[in-house]
Amino acid sequence: MYNNILTHIFLFVNHFVDFFIKKFNTFIDNVVIQCYNIVNKFESWLAKMKLVSNFNERFKVAFGNQNATEFANDIGVSKQTISAYLNGTRKPKKIVMSIIADKLHVNPLWLMGYDVNKDAVYLKKEEKNFL
(Lines give C-alpha, C1' and ligand atoms only; values in the text may rest on other atoms or scores of the structure.)
Protein backbone atom coordinates (compact mmCIF):
# COMPACT_ATOMS: atom_id res chain seq x y z
CA MET A 1 0.00 0.00 0.00
CA TYR A 2 2.81 2.44 0.88
CA ASN A 3 4.57 1.59 -2.35
CA ASN A 4 1.41 2.48 -4.26
CA ILE A 5 1.14 5.85 -2.48
CA LEU A 6 4.83 6.56 -3.01
CA THR A 7 4.47 5.71 -6.69
CA HIS A 8 1.58 8.17 -7.05
CA ILE A 9 3.51 10.86 -5.20
CA PHE A 10 6.55 10.22 -7.39
CA LEU A 11 4.45 10.42 -10.57
CA PHE A 12 2.77 13.62 -9.40
CA VAL A 13 6.12 15.25 -8.57
CA ASN A 14 7.61 14.04 -11.84
CA HIS A 15 4.70 15.53 -13.85
CA PHE A 16 4.91 18.75 -11.88
CA VAL A 17 8.65 19.07 -12.49
CA ASP A 18 8.21 18.32 -16.22
CA PHE A 19 5.44 20.92 -16.45
CA PHE A 20 7.54 23.49 -14.57
CA ILE A 21 10.61 22.88 -16.72
CA LYS A 22 8.61 23.26 -19.95
CA LYS A 23 7.04 26.52 -18.71
CA PHE A 24 10.39 27.81 -17.48
CA ASN A 25 12.09 26.98 -20.80
CA THR A 26 9.31 28.76 -22.69
CA PHE A 27 9.74 31.77 -20.41
CA ILE A 28 13.52 31.82 -20.93
CA ASP A 29 13.06 31.49 -24.71
CA ASN A 30 10.70 34.48 -24.67
CA VAL A 31 13.13 36.54 -22.57
CA VAL A 32 15.99 35.75 -24.95
CA ILE A 33 13.88 36.72 -27.97
CA GLN A 34 12.83 39.99 -26.31
CA CYS A 35 16.43 40.83 -25.39
CA TYR A 36 17.55 40.09 -28.94
CA ASN A 37 14.81 42.36 -30.32
CA ILE A 38 15.72 45.16 -27.91
CA VAL A 39 19.41 44.94 -28.83
CA ASN A 40 18.58 45.02 -32.55
CA LYS A 41 16.30 48.06 -32.09
CA PHE A 42 18.93 49.82 -30.00
CA GLU A 43 21.68 49.16 -32.54
CA SER A 44 19.43 50.40 -35.35
CA TRP A 45 18.53 53.53 -33.39
CA LEU A 46 22.14 54.10 -32.35
CA ALA A 47 23.31 53.82 -35.96
CA LYS A 48 21.09 56.81 -36.80
CA MET A 49 22.66 58.97 -34.09
CA LYS A 50 25.58 61.27 -34.86
CA LEU A 51 28.89 60.33 -33.26
CA VAL A 52 30.74 63.59 -32.54
CA SER A 53 33.38 62.47 -30.05
CA ASN A 54 34.70 59.33 -28.39
CA PHE A 55 34.64 57.76 -24.95
CA ASN A 56 38.21 58.80 -24.13
CA GLU A 57 37.57 62.52 -24.70
CA ARG A 58 34.22 62.51 -22.96
CA PHE A 59 35.51 60.51 -19.99
CA LYS A 60 38.33 63.01 -19.44
CA VAL A 61 35.82 65.89 -19.42
CA ALA A 62 33.38 64.17 -17.06
CA PHE A 63 36.09 62.71 -14.80
CA GLY A 64 37.78 66.04 -14.18
CA ASN A 65 40.18 66.07 -11.24
CA GLN A 66 38.72 63.16 -9.32
CA ASN A 67 40.92 60.65 -7.54
CA ALA A 68 41.42 57.67 -9.88
CA THR A 69 41.91 55.19 -7.05
CA GLU A 70 38.70 56.18 -5.24
CA PHE A 71 36.71 56.25 -8.48
CA ALA A 72 38.07 52.83 -9.46
CA ASN A 73 37.10 51.39 -6.08
CA ASP A 74 33.63 52.93 -6.34
CA ILE A 75 32.88 51.29 -9.68
CA GLY A 76 34.75 48.02 -9.09
CA VAL A 77 37.74 48.30 -11.44
CA SER A 78 41.44 48.84 -10.91
CA LYS A 79 43.23 52.19 -10.90
CA GLN A 80 45.18 50.97 -13.93
CA THR A 81 41.90 50.46 -15.79
CA ILE A 82 40.85 54.05 -15.06
CA SER A 83 44.26 55.24 -16.26
CA ALA A 84 43.82 53.22 -19.46
CA TYR A 85 40.39 54.83 -19.98
CA LEU A 86 41.87 58.28 -19.43
CA ASN A 87 44.80 57.82 -21.81
CA GLY A 88 42.66 56.10 -24.46
CA THR A 89 44.37 52.72 -24.52
CA ARG A 90 41.25 50.94 -23.33
CA LYS A 91 37.50 51.33 -23.69
CA PRO A 92 35.02 49.88 -21.15
CA LYS A 93 32.34 47.33 -21.90
CA LYS A 94 28.86 48.80 -22.21
CA ILE A 95 27.78 47.70 -18.73
CA VAL A 96 30.85 49.35 -17.16
CA MET A 97 30.27 52.45 -19.28
CA SER A 98 26.73 52.61 -17.91
CA ILE A 99 28.07 52.37 -14.34
CA ILE A 100 30.65 55.09 -15.08
CA ALA A 101 27.97 57.36 -16.57
CA ASP A 102 25.77 56.84 -13.52
CA LYS A 103 28.66 57.59 -11.15
CA LEU A 104 29.61 60.74 -13.12
CA HIS A 105 25.96 61.85 -13.46
CA VAL A 106 26.12 62.04 -17.25
CA ASN A 107 24.07 60.58 -20.06
CA PRO A 108 25.63 57.24 -21.07
CA LEU A 109 25.09 58.08 -24.74
CA TRP A 110 26.95 61.36 -24.28
CA LEU A 111 29.78 59.44 -22.61
CA MET A 112 29.95 57.13 -25.66
CA GLY A 113 30.48 60.21 -27.85
CA TYR A 114 27.01 60.78 -29.28
CA ASP A 115 25.48 64.21 -29.90
CA VAL A 116 23.12 64.26 -26.90
CA ASN A 117 22.79 66.37 -23.78
CA LYS A 118 25.67 65.70 -21.36
CA ASP A 119 23.71 66.27 -18.19
CA ALA A 120 20.62 64.32 -19.22
CA VAL A 121 20.28 62.14 -16.16
CA TYR A 122 16.65 61.61 -17.15
CA LEU A 123 16.85 60.18 -20.62
CA LYS A 124 14.44 60.84 -23.47
CA LYS A 125 11.68 58.30 -24.00
CA GLU A 126 13.41 56.64 -26.96
CA GLU A 127 16.69 56.46 -25.01
CA LYS A 128 14.96 54.83 -22.04
CA ASN A 129 13.45 52.21 -24.32
CA PHE A 130 16.86 51.04 -25.45
CA LEU A 131 19.07 51.29 -22.35
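**Helix α2 and its surroundings**

In this predicted model, the cover over the buried residues of α2 includes α3 (68-75), α4 (79-87), α5 and α6. Helix α2 itself spans residues 55-63, and its buried residues are Phe 55, Asn 56, Arg 58, Phe 59, Ala 62 and Phe 63. Looking down the axis of α2, these buried residues fall within an arc of 165°, so they line one face of the helix.

One of the covering helices, α4, is worth a closer look. The axes of α2 and α4 run 7 Å apart, and the two helices pack at an angle of about 115°. Angles of 65 to 115 degrees count as roughly perpendicular, and α2 and α4 are therefore roughly perpendicular to each other. On the α2 side, the contact is made by Phe 55, Asn 56, Phe 59, Lys 60 and Phe 63; on the α4 side, Ile 82, Tyr 85, Leu 86 and Asn 87 take part. Phe 55, Asn 56, Phe 59 and Phe 63 thus turn up both in this contact and among the buried residues of α2.

Both ends of α2 have something to show. At the N-terminal end, Asn 54 acts as the cap, with a side-chain oxygen 3.1 Å from the backbone nitrogen of Asn 56. Asn 56 is also one of the buried residues of α2 and takes part in the contact with α4. Past the other end, just after α2, comes Gly 64, with a positive phi of about 60°.

A positive phi of about 60° also appears at His 105, although this residue is not a glycine. His 105 sits in the loop that links α5 (94-104) to α6 (108-112). With a relative accessible area of 56%, His 105 is exposed, since the cut-off for that label is over 50%. The two helices flanking this loop, α5 and α6, are both among the elements that cover the buried residues of α2.

As for the chain overall, there are seven helices and zero strands, so to speak an α-α-α-α-α-α-α pattern when read along the sequence. Of the 131 residues in the protein chain, 31% are buried. Among contacts with a separation of 6 or more, 56% involve residues 24 or more positions apart. The accessible surface of the chain adds up to about 9,700 Å², and carbon and sulfur atoms contribute 58% of that area.

Definitions and conventions. Residues numbered from 1 in each chain as written. Predicted model: local features only at pLDDT ≥ 70, side-chain atom pairs only at ≥ 80, totals over all residues. Heavy atoms only, no water. Helix = DSSP H or I, 4+ residues; strand = E, 2+ residues; numbered from the N terminus. Buried < 20%, exposed > 50% of the residue type's maximum accessible area, 1.4 Å probe, protein only. Contact = heavy atoms within 4.5 Å. Areas by Shrake-Rupley, 256 points an atom, 1.4 Å probe, with all protein chains shown as cover. Arc of directions from axis to C-beta. Polar contact = N/O pair within 3.5 Å; in protein donor to acceptor, adjacent residues only side chain to side chain. Axes fitted to C-alpha atoms, helices over the stretch in contact; angles between N-to-C directions. Parallel < 35°, antiparallel > 145°, perpendicular 65-115°, else oblique.
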